[in-house]
Amino acid sequence: MAAPLTDQEKRKQISIRGIVGVENVAELKKGFNRHLHFTLVKDRNVATPRDYYFALAHTVRDHLVGRWIRTQQFYYETDPKRVYYLSLEFYMGRTLQNTMINLGLQNACDEAIYQCLFVMEEDAGLGNGGLGRLAACFLDSMATLGLAAYGYGIRYEYGIFNQKIKNGWQVEEADDWLRHGNPWEKARPEYMLPVHFYGRVEESKEGAKWVDTQVVLAMPYDTPIPGYMNNTVNTMRLWSARAPNDFNLMDFNVGDYIQAVLDRNLAENISRVLYPNDNFFEGKELRLKQEYFVVAATLQDIMRRFKNSKKGSSGPVSFDSFPEKVAIQLNDTHPAMAIPELMRVFVDIEKLDWDTAWAITKRTFAYTNHTVLPEALERWPIGLLETLLPRHLQIIYRINQGHLDEISALFPEDMDRIRRMSLIEEDGGKRVNMAHLCIVGSHAVNGVAEIHSNIIKTDVFRDFSELEPEKFQNKTNGITPRRWLLLCNPGLAELIAEAIGEEYVKDLSQLQKLNELVDDDTFIRDVSKVKQDNKEKFSQYLEKEYMVEINPSSMFDVHVKRIHEYKRQLLNCLHIVTMYNRIRKNPKAPFVPRTVIIGGKAAPGYHMAKMIIKLITAVGEVVNKDPVVGSKLKVIYLENYRVSLAEKVIPATDLSEQISTAGTEASGTGNMKFMLNGALTIGTMDGANVEMAEEAGEENMFIFGMRVEDVAEMDVQGYDAMTYYQKIPELKQAIDQINSGFFCPKQPELFKDVTNMLFNHDRFKVFADYEDYITCQEKVNELYQNPREWTKMVIKNIAASGKFSSDRTITDYATEVWGVEPTDLKIPPPNEPREALDETARALREK
């Protein structure tokens, strides 16, 4: 039975999403019943909750379809410049609730039924974390701003694995998210396209020809992306691999037909599974196939749309206007093969001369870098490229030769610079540096936070920045306020709307008006009440899922993100052990109760990340069962952290942990979600934390630890973990407990790998920031004991979070990279179905 609604949830009756008329409710019910009977072929006697979800999803999609078709008609009629966002990851999460909000349908659905149905939807987990979730937010913003934009990626049959925690260890299970079907996608077999692999290159007077290839077909599946409260519905097109009918049949003797059919899987494996890597590059052939598969299919699609545009179809195609009509954004280096592929299309197929093709290509592409970690940068072996994509390797060599000729002309004596800037690396085997290819082949290169963009200009890609400084930009990441406030925190969204009006949903900078209410006792009380309601609701969820009694008045201290050494979950773990030891040492001393919540997935092959999960769960088991500790301290490890779980935990959080080593986190977007939802941040000056501190004031965050320049200086002087261990008693005690098996008495040697890493090869310098982190946490405790001052700081943070809307980020891309104007176009509403049928009948008669 559903829990009773809180005061904030009841506010939905006066929602900023509008009061829904009786006729709309009746229409929704009518559509629901129609789909239950005619689409799912069920009646209420045999229908399951999942059937009801599908019936509602199809009903809501009905409201999208007319707008979707009309949007595409409008783009054809007006022929604007189109933006193509290429990403190997789109971490969409669930679609139903977001779609209902953007269409203004949410209040037409009974709350209790709605909540029951919503949980039946599978998360579309087609991403590892921040990069894929950013792509999803960008699609929402591009539609809301009225940009003619398309997302292109892969329709992975299995998304990011489902994480189970068994005896404290991470166990991976396949994410078969399509097993019940996907009501939001539409297969488009009429647009299926061939993608070529292997083969050889034939040279002739007419030019190069790629022959004797193996063909895989790319089947597109389209998902509608609605803008917020406008009639714009853009498209995300994901490609699925299909074997052609004649796949391998010629290679088999008579009688091997069955094996030939079975071997079709070799082709179809390309879109089978998302690689669950976390900032670590592995040169797997299947991964390169995935990367080329998506760009080859996408560029054929882009070329078709360019040639068939209303204006382009009236006469011979001129590619001079290609960059005026096409902008392609590369989301990290994963789609980098799009650059040599477009050159192949221009030179080999369209017969443009090399210089013309190269000039058009550079004006078309832009590249977003997402990491400074060297092990994360893609470097593909020459041998693999030569086998899989022989023509593209030739093109890359020619691009590199032209590039190096330019460098040599400018720096004729500087052989070291030439070596550093080459697309081809020689050390440890010849490889193609894909980041260098992206930089050379693009007209714009950006980082995703101010500090990150500065690092890539002054360090990682310094030579390139010195050569073309105008090419390098910053585009600080953002999040969509529709999903990350309206959807996940309706109580706070309504409270803000009552205070400053509804327009902030599409102009988040208006949150600055909340600064006028920082001293308003009523508003302070209401903000605090919303947070407490969210905490109580999440406490019930935790108690049900983890069988641990939660104190909803305790501070909810949350650290959720992928598990990686640079994100320093270990530093958080050391703080938990320190708090535990303090309670044990003096049980009667005053202590601010905390519930520490940590969650995230470790890449399956990342041993240390998996050990970190095991350590946290082992510490939690000891802490949670200790009667001396009681309700003062609880530790929860969230199993299978994903978008839909983030929507639950973020609104309930008091303290957001953003504690990466300065200079390692490109930006982060979780930090922005917590800020918008009324959590205070404890963090280093890293990634977007720096700009959050600029917006809110450093005094309204809990900043600690080394800055980028301190880390750089320590790298020069040398980092000695033993020094900190010997001079900080509480750190020594915590490490000794971990090392001695205190938290795993049955396996006392279990965490030796962790402590050995911390002492001998910790690149991320956990011990160096420990003392400052503990001191900063004491400041957190002090403020939390003054609820009024805490909530005032919360309000200041919410008021300062306007910059971190993905609408602002996309506006910056549009005007400064893509050369398009965000219009927030009011697409004309779709035709009524009857009128559309009449038009179709007329067209058929004319034919």
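**Figure 1. Hairpin of strands β11 and β12 in the predicted model.** Strands β11 and β12 form a hairpin in which 6 residues lie between the two strands. Within the turn, M229 has a positive phi of about 55°. Strand β11 spans residues 214-226, and its antiparallel pairing with β12 extends over 10 bridges. One pair in this region is M219 and S240, the latter in β12, which stand opposite each other. Strand β12 also pairs with strand β4 (residues 149-154); these two run parallel and are joined by 5 bridges. Here I154 stands opposite W239 in β12. Strand β12 comprises residues 233-242, and 9 of its 10 residues are buried, so the strand is largely enclosed by the rest of the structure.

**Figure 2. Surroundings of K673 in helix α25.** Helix α25 covers residues 670-676 and contains K673. An unreviewed UniProt entry lists K673 under "modified residue: N6-(pyridoxal phosphate)lysine". In the model, K673 has a relative accessibility of 7% and therefore counts as buried, the cut-off being under 20%. Residues up to four places away in sequence set aside, K673 touches R133, I479, W484 and I650.

**Figure 3. Open sheet of 6 strands with parallel pairing.** The strand order is β22-β21-β20-β23-β24-β25. The edges are occupied by β22 (633-638) and β25 (702-703), each of which has a single partner strand, so one side of each is left without a neighbour in the sheet. Strand β20 (residues 555-560) and strand β23 (residues 655-658) run parallel and are joined by 2 bridges. The bridge partner of V558 in β23 is S656. Two helices lie across strands of this sheet. Helix α21 (residues 521-546) lies across β20, β21 (594-599) and β22, and runs at about 75° to β22. Helix α23 (residues 607-625) lies across β21 and β22, running at about 145° to β22.

**Figure 4. Contacts of T681 in strand β24.** Strand β24 consists of residues 680-683 and includes T681. T681 has a relative accessible area of 0% and is buried. Apart from neighbours within four places in sequence, T681 is in contact with L655, S656, Q658, M692, M701 and F702.

**Figure 5. Contacts of T368 in strand β14.** T368 belongs to strand β14, which spans residues 365-368. With a relative accessible area of 1%, T368 is buried. When neighbours within four places in sequence are excluded, T368 is in contact with Q329, L330, N331, D332, N446, V448 and Y813. T368 and A435 are separated by 67 residues in sequence, while their C-alpha atoms are 9.7 Å apart in space.

**Figure 6. Packing of helix α6 against helix α33.** Helix α6 (residues 130-144) and helix α33 (residues 806-818) have axes 9 Å apart and pack at an angle of about 75°. That angle makes α6 roughly perpendicular to α33. From α6, residues C137, F138, S141 and M142 take part in the contact; their counterparts in α33 are S806, D807, T809, I810, Y813 and W818. The residues of this contact comprise 6 nonpolar, 3 polar and 1 charged. Y813 of α33 is also among the contacts of T368.

**Figure 7. Crossing of helices α11 and α14.** The axes of helix α11 (residues 338-349) and helix α14 (residues 390-410) come within 9 Å and cross at roughly 95°. The two helices are therefore roughly perpendicular to each other. Helix α11 contributes I339, P340, E341, M343, R344, V347 and D348, which meet R391, H392, I395, I396 and I399 in α14. By class, the contact of α11 with α14 has 7 nonpolar, 1 polar and 4 charged residues.

**Figure 8. Open sheet of 3 strands with antiparallel pairing.** The strands are arranged in the order β15-β17-β16. Strands β15 (379-381) and β16 (424-425) are the edge strands, each pairing on one side only. The antiparallel pairing of β15 with strand β17 (residues 431-433) extends over 3 bridges. Within this sheet, R379 stands opposite N433 in β17.

Methods: Residues are numbered from 1 along each chain as its sequence is written. This is a predicted model: local features need pLDDT of at least 70, side-chain atom pairs count only at pLDDT 80 or more; totals for chains, interfaces and linings use all residues. Side-chain values use heavy atoms; hydrogens and water are left out. Axes are lines fitted to C-alpha atoms, for helices over the stretch in contact, and angles run from 0 to 180 degrees between N-to-C directions. Helices (H or I, at least four residues) and strands (E, at least two) are DSSP runs, numbered from the N terminus. Angles under 35 degrees count as roughly parallel, over 145 as roughly antiparallel, 65 to 115 as roughly perpendicular and the rest as oblique. Contact means heavy atoms within 4.5 Å. Ala, Val, Leu, Ile, Met, Phe, Trp, Tyr, Cys and Pro count as nonpolar, Asp, Glu, Lys and Arg as charged, and the others, Gly among them, as polar. UniProt positions are given in the numbering used here, feature names are shortened, and annotations may be inferred rather than shown by experiment. Buried means under 20% relative accessible area, exposed over 50%, partly exposed in between (1.4 Å probe, protein chains only). Two strands pair if DSSP finds at least two bridges between them.
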